[in-house]
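Reader: Got a minute? I'd like to walk through this one with you.
Author: Sure, here it is.

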Amino acid sequence: MVIGGIVVDITSTAHTASADSMLHSSYPGATRIAAGGVGWNVAVAVTMLCPDGCVFMSAVGGGQGGGSSTEDVLRSWLIGDIA
């Protein structure tokens with residue numbers, strides 16, 4: 001059993017080589033959303049070594065009322081889609 005943290009990693013990359021030219025402009029790019037966090041990464045590694053027996057437990061925020069719809073979507077994704 002792994003008890004630890006899980007987070008949502010959001011990485012955006014512009015399709016241009018010059019960071020100076022990006023100020024005050026819009027450029028095409030790519031955005032990647034992935035599960036991360038120390039606990040999650042350890043659980044994934046343990047599962048690769050021992051596919052029969054790893055349970056991962058973590059607290060997940062959002063969805064408690066008063067939050068934005070984005071928090072609820074990412075919470076649902078963490079709990080349901082990657083499990």
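Reader: Which elements of the protein chain have the lowest and the highest mean pLDDT?
Author: H2 has the lowest, 71, and strand S1 (residues 2-3) the highest, 94. pLDDT is the predictor's confidence in each residue, from 0 to 100. This is a predicted model, so local features need pLDDT of at least 70, side-chain atom pairs count only at pLDDT 80 or more, and totals for chains, interfaces and linings use all residues. Residues are numbered from 1 along each chain as its sequence is written, and side-chain values use heavy atoms, with hydrogens and water left out.

Reader: What is the mean pLDDT of the protein chain?
Author: The mean is 80, and 72% of the residues reach 70 or more. Where pLDDT is low, the predicted coordinates should not be read in detail.

Reader: What pattern does the protein chain follow along the sequence?
Author: β-β-β-α-β-α. That is two helices and four strands. Both are DSSP runs numbered from the N terminus: helices are H or I with at least four residues, strands E with at least two.

Reader: How many aromatic pairs?
Author: One. Rings of Phe, Tyr and Trp (its six-membered ring) pair if their centres lie within 6.5 Å; planes under 30 degrees apart are stacked, over 60 edge-to-face, the rest tilted. Tryptophan 40 and phenylalanine 56 have ring centres 5.7 Å apart and planes at 75°, so they are edge-to-face.

Reader: Where do the two partners sit?
Author: Tryptophan 40 is in helix H1 (residues 38-49) and phenylalanine 56 in strand S4 (residues 56-57). They are 16 residues apart. Phenylalanine 56 is partly exposed, at 24% relative accessible area. Buried means under 20%, exposed over 50%, partly exposed in between (1.4 Å probe, protein chains only).

Reader: Switching topic. How many disulfides does the structure hold?
Author: Zero. A disulfide here is a pair of cysteine sulfur atoms within 2.5 Å.

Reader: Why is there no bond for the sulfur of cysteine 50?
Author: The closest cysteine sulfur, in cysteine 54, is 8.1 Å away, so it is too far for a bond. Cysteine 50 is partly exposed, with a relative accessible area of 37%. Cysteine 54 is also partly exposed, at 24%.

Reader: And arginine 75, where is that found?
Author: In helix H2 (residues 69-81). Arginine 75 is partly exposed, with a relative accessible area of 26%. Its C-alpha is 9.7 Å from that of valine 7, which is 68 residues apart along the chain.

Reader: What percentage of the 83 residues count as buried?
Author: 12%.
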